[in-house]
Amino acid sequence: MARNPVRHNCAQPHQCSFDVRMKVLARSPLTKYLTPEEHQALDAHLTAWAWAEGDPIMMTGEEVTGSYMIASGRARITHDTSDGRELTVDIAVPGDLVGPLSTGPAPATETAWAMETTCALYFSGEALGTIVEKHPQLAVSILSKQQTRIAQLTQRKAGLVSLTVEQRVAAALLYLDGKLGQKRRDGSSLLQVRLRRDDIAGLAGTTVESASRALTKMKKEGLIDSGREWISLVDNAALERLASGLSAN
């Protein structure tokens, strides 16, 4: 059996240094457009929280009073299906936001699980309202983020109808590569997260069995390499052709 090459994340579970917070704010799509001085002003409104592997960051339906920006670690974002299954819809990485972007209490529409020791910066709804007043550019970023979420949901629904399972699995792998890919000496790109087959199935909108068959075929054709809870992309160009409906060869 191939060795799992994914490294363990070195998070600091009970504190988040000033330098780490500044790097996260500079990286996040929500706040990267602000100046370093504005990042420092924003930092005064933030608190740091941490969770151990397997802990829930928030649960669907519970009333939450703010949002979390992942500072270190990874979080699995899931939705519950009508038949009681838990469907992975995203994996949050440092800089990503978890929870509703609201200035007041709002029900969580998704569940977030810490995949490893995870630290996040917390924006309370009240603080978010104050921040937006002082930093109009942040309001623009919030609106853009909400529009992106709607567009992704629409694209996902359209893909379930128009794309094959292999296309959707290839697209899911490429999406994860954009967020988590780490180039290796042999030219492949390791997805730096411990992935379950049902994570890929959820992201691709298919069953675990169908996702597993697609992954097995991709591995036989030399597009990916994989082992227990890890995947490495070997031929991105072929995966892009496959995702777009063209022959992988």
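A residue is taken here as buried when its relative accessible area is under 20%, and in this predicted model Tyr68, at 13% relative accessibility, therefore counts as buried. Tyr68 belongs to strand 4, which spans residues 66-72, and the description below proceeds from this strand to the sheet, the aromatic residues and the helices.

Seven of the seven residues of strand 4 are buried, so that strand 4 is largely enclosed by the rest of the structure. Strand 4 is part of an open sheet of four strands, arranged in the order 1-10-4-7 with antiparallel pairing. The edges of this sheet are formed by strand 1 (46-51) and strand 7 (97-98), each of which pairs on one side only. Strand 4 is joined to strand 10 by six bridges in the antiparallel sense, and within this pairing Ile70 is found opposite Ala120 of strand 10. Towards strand 7, strand 4 runs antiparallel and is connected by two bridges, with Val98 of strand 7 serving as the bridge partner of Tyr68. Strand 10, comprising residues 118-124, also pairs with strand 1, again in the antiparallel sense and over six bridges; here Ala50 stands opposite Cys119 of strand 10.

Two helices are placed against this sheet. Helix 3 (residues 125-134) packs on the sheet, where it touches strand 4 and strand 10, and its direction makes about 65 degrees with that of strand 10. Helix 1 (residues 18-27) lies across strand 1, strand 4 and strand 10, and runs at about 110 degrees to strand 4.

The aromatic residues of the sheet were examined next. Three aromatic pairs are counted in the model. In one of them, the ring centres of Trp51 and Tyr68 lie 5.3 Å apart with the ring planes at 85 degrees, and the pair is therefore edge-to-face, given that planes over 60 degrees apart are classed in this way. This pair links distant parts of the chain, since Trp51 is in strand 1 and Tyr68 in strand 4, 17 residues apart. Like Tyr68, which has 13% relative accessibility, Trp51 counts as buried, its relative accessibility being 12%. Tyr68 also pairs with Tyr122: the two ring centres are 5.1 Å apart and the planes meet at 45 degrees, so this pair is tilted. Tyr68 in strand 4 and Tyr122 in strand 10 are 54 residues apart, and the pair thus links distant parts of the chain as well. Tyr122 is itself buried, with a relative accessible area of 14%. Together with Trp49, the residues Trp51, Tyr68 and Tyr122 form one aromatic cluster.

Among the remaining helical segments, helix 2 (residues 36-43) contains Asp43, a residue that is buried, with a relative accessible area of 12%. When residues up to four places away in sequence are not counted, Asp43 touches Phe18, Arg21 and Met22.

Helix 5 (residues 165-180) has 16 residues and reaches 22 Å from its first C-alpha to its last, close to the 22 Å expected at 1.5 Å a residue. The buried residues of helix 5 include Val169, Ala170, Ala172, Leu173, Leu176 and Leu180, and Gln167, Arg168 and Asp177 are likewise buried.

Definitions and conventions: Residues numbered from 1 in each chain as written. Predicted model: local features only at pLDDT ≥ 70, side-chain atom pairs only at ≥ 80, totals over all residues. Heavy atoms only, no water. Pairing = 2+ DSSP bridges. Contact = heavy atoms within 4.5 Å. Axes fitted to C-alpha atoms, helices over the stretch in contact; angles between N-to-C directions. Phe/Tyr/Trp six-rings, centres within 6.5 Å; stacked < 30°, edge-to-face > 60°. Buried < 20%, exposed > 50% of the residue type's maximum accessible area, 1.4 Å probe, protein only. Expected span 1.5 Å × (residues − 1).
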